Amino acid sequence: MTPESQETNKRKEADDSVDLSLIKSLLDSEGDTRGSLISLLQGTQSIYSYLPANALRLIAERTGISLSTIYSVATFYSQFRLEPAGKYTVRVCHGTACHVQNANAVTIALCDTLGVTDGGTTEDRLFTLEVVACLGCCSLAPVIMIGDMTYGNLTPNEAVRVIKSIRRREGALK
Amino acid sequence: MKALRVTVGMGSCGLAAGAGRLYEMLESLLLDDKVQFELSVTSCVGMCYAEPLVEVTDKNGSALYGSVDETRLNQIIESHIIKGIPLDDWVVRSDYLKSYEDSFFGGQKRIALRNCGLINPGNINDYIERKGYEALKHIASKRLKPEEVIETVIASGLRGRGGGGFPTGKKWDFTRRAPGNEKYLICNADEGDPGAFMDRSLIEGDPHSVIEGMIIAAYAIGASEGFVYCRAEYPLAIRRLKHAISQATEHGLLGENIAGIGGFSFSLAVREGAGAFVCGEETALIASVEGRRGMPNRKPPFPSDAGLWSKPTCINNVETFANIPWIIANGARAFSAIGTSGSKGTKVFALTGKIRRGGLAEVPMGITINEIINGPGGGLADNHLFKAVQLGGPSGGCLPASLGNTPIDYESLSSTGAIMGSGGMVVMDETTCMVDMARFFLNFTCQESCGKCTFCRIGTKRMLEILERICGGDGCEEDLTLLEELSEQIRRGSLCGLGQTAPNPVLTTLRYFRDEYIAHIRDKKCPAHTCTRLLTYTIDSEKCTGCSLCAGLCPSSAITGEIRSFYTIDSTLCVRCGVCYDKCPFKAIERE
């Protein structure tokens, strides 16, 4: 078996094991609303951190939208992911203002300390790194956003410190 | 109301700078009965550079403190809140004190931002107290017909603030006249331009002004259902907007028979974008609201004839809507008295980049770029030289400092090759490379192209490759002609605004900063020292003391030498990270 197909199998197992009852109330409240596909996918992703294949199948069954249409929408928008994400999504802003204030150095430092590249998830499933276009906090450039929390006026070292403090907190929780 | 009020600025920018912790400190201060005051929340006043901001209002008036950290807050509590003695040095704005920062507000005229930073966005009564929803009541009490409302908006001269600059009243008129009873209204809050955050700040700071503007628009065009399409990257704006919508509904301002106008009903829902820049384009936005892939469609038919669910639809930008209540309440003439002959009213700009006071400034149309940068912006940061300003995001252009006297109006800016755009203004100094800037924007549009049109999908990719080649020192002079040819083809061969304007950043930098391109191509040099592949680092043996600091820091072991003698850099090993240059205590590292 090739490493890729091993990976696919692993993902399939993970997908099959998700608890579909979690999206039932979402489907009941929004499933029949016209044009709600994107909100359904957003709701699903906020529950599972990604879009599991069998959840997409259930949405297709429930809404009557074909699975291929759902897949085409899910792959069009950069917000959606088909792989599980880490507990924290670290979004590094690469907007114009951040670019001018050397966001690149922040990204390099974060890639180094997390050991992943853009879009990657750390092995302990704690962090997913995403390079994004603009977070709209340009006057505090360069900025990163972790969950709903924005950190501004960063240097590469400070960005690394933020990650380390979350790691410490998580370690203490365990 | 208590005699003493303390307000914390809790916009995204304030929160990012640590306002949440300050609020908690003040909250716990209220718990012990030492001092009594009213603790309140507001959003961004525009002085993002001085966040977090805390305002203390007592019998003398208000004093706004800037750059407040925990230590500073403790001192403010000790002195101003408990003893009543203001700490003048930290005050950035006040009723009774002069502050250097007053010049931030000096040249401004605040219409869209009239309540931002002054009211609690979470409390509808704050908005009502400052004449909120009076425009709507005026329409109801005077029994103004929808046509009369449209006439007022046309007479005001208001043009779309999202970038296109189409006359708002005309757009409303087209939608009103379109046949059919089912019509829709959409607020475009998909503020995707990197470097722009006007709409986020407006929704976070004063959501009801946008909602009131939408209710009036819905009445004018005859829509009973509306959507705010807001990008998901703005969680706080979405939360505050949803809260404001539920408050407005409780107050009978949304729902049925609004403000007592018989038969006028309007409901409003928020749709979250899912991270696609192209959805700022109206036909793509409509596709996305319908739950489909956000790809643009051919116009005509225009949305005013066949938009959402193929019904007549009017789409306006956040700032446009925020202007509406003011125009109705103060009259078209008050609005059209501000600005130039073709561009009326004010425009909100997001000042960012190498500027001293980054933030939001609303200025009357017709003032010059220099007046904004030196007035509210306070000039360049760290005494650097003003080299260029980028207007209008990826669809806009980079203007050189020599065009700083260009007035801010739609026509003057278009004639320079830039655009008014949504209001992003990124200021650049001599350390910003213009070729790298063009590469940055092309990288953006190339990634965000939806792929429908060949020239946009592949053309931007080819342009990006050429720019990467030039930044890497492998460009040739024919590349410049090729860039210009491709630009023209992409402009003509693309369906929507994203593609048609994608070459603008390249065209404007080629027009105004051609010598920088030539320096990269002919001399293999980057004058701004940004393009790393074109840099060489050497050590001045005269200045080097042989301290070995750089050798220890160098990630690629390119620096060798003898301690207390001198060191050298092996350029074949050097990765040009610049660590040695930044860290050498004797400034012995030279960069060229």
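The expected span of a helix is 1.5 Å times one less than its number of residues. In the predicted model described here, this yardstick applies to helix H3 of chain B, which covers residues 70-83. The helix has 14 residues, and the distance from its first C-alpha to its last is 18 Å, close to the expected 20 Å. The axis of H3(B) nevertheless bends, with a kink of about 35 degrees centred on B:Ile77.

The residue at the centre of the kink is also among the buried residues of this helix, a group made up of B:Leu73, B:Ile76, B:Ile77, B:Ser79, B:His80 and B:Ile81. In an α-helix there are 3.6 residues a turn, so residues three or four places apart point the same way. Several elements of chain B contribute to the cover over the buried residues of H3(B). They include strand S1 (5-9), helix H2 (19-31), strand S3 (54-58) and strand S4 (61-65). Immediately after H3(B) comes B:Gly84, whose phi is positive at about 80 degrees.

Chain A contains eight helices and four strands. Their order along the sequence is α-α-α-α-α-β-α-α-β-β-β-α. The C-alpha trace of this chain spans about 50 × 40 × 35 Å along its principal axes. Chain A has 174 residues, of which 48% count as buried. Among its contacts between residues at least 6 apart in sequence, 63% join residues at least 24 apart. The accessible surface of chain A amounts to about 8600 Å², and carbon and sulfur atoms account for 51% of that area. Chain A carries 17 positive and 19 negative charges, and the mean positions of the two sets lie 4 Å apart.

Attention now turns to backbone geometry. Most residues other than glycine have a negative phi, and most peptide bonds are trans. In chain A, the peptide bond from A:Ala141 to A:Pro142 is cis, with omega near -5 degrees. A:Pro142 belongs to the loop that runs between strand S2 (127-132) and strand S3 (144-146) of chain A. In chain B, a cis peptide bond leads from B:Glu51 to B:Pro52, with omega near -10 degrees. B:Pro52 is situated in the loop between strand S2 (38-42) and S3 of chain B, and this S3 is one of the elements that cover the buried residues of H3(B).

Positive phi values also occur in chain B at residues other than glycine. For B:Tyr133, phi is near 60 degrees. This tyrosine is found in the loop between helix H5 (124-129) and helix H6 (134-141) of chain B. Buried means under 20% relative accessible area, and B:Tyr133 therefore counts as buried, since its relative accessibility is 1%. For B:His529, phi is near 55 degrees, and the residue lies in the loop between helix H22 (514-521) and strand S15 (537-539) of chain B. B:His529 counts as partly exposed because its relative accessibility is 29%.

A further loop residue of chain B is B:Asp570, located between strand S17 (567-569) and helix H24 (579-583). With a relative accessible area of 34%, B:Asp570 is partly exposed. The C-alpha atom of B:Asp570 is separated by 69 Å from that of B:Lys183, and the two residues are 387 residues apart along the chain.

Conventions
Residues numbered from 1 in each chain as written. Chains lettered and ligands numbered in written order. Predicted model: local features only at pLDDT ≥ 70, side-chain atom pairs only at ≥ 80, totals over all residues. Heavy atoms only, no water. Helix = DSSP H or I, 4+ residues; strand = E, 2+ residues; numbered from the N terminus. Buried < 20%, exposed > 50% of the residue type's maximum accessible area, 1.4 Å probe, protein only. Contact = heavy atoms within 4.5 Å. Areas by Shrake-Rupley, 256 points an atom, 1.4 Å probe, with all protein chains shown as cover. Lys, Arg positive; Asp, Glu negative; His and termini not counted. Charge placed at Lys NZ, Arg CZ, Asp CG, Glu CD. Bend = angle between axes of the 7 residues up to and from the residue.
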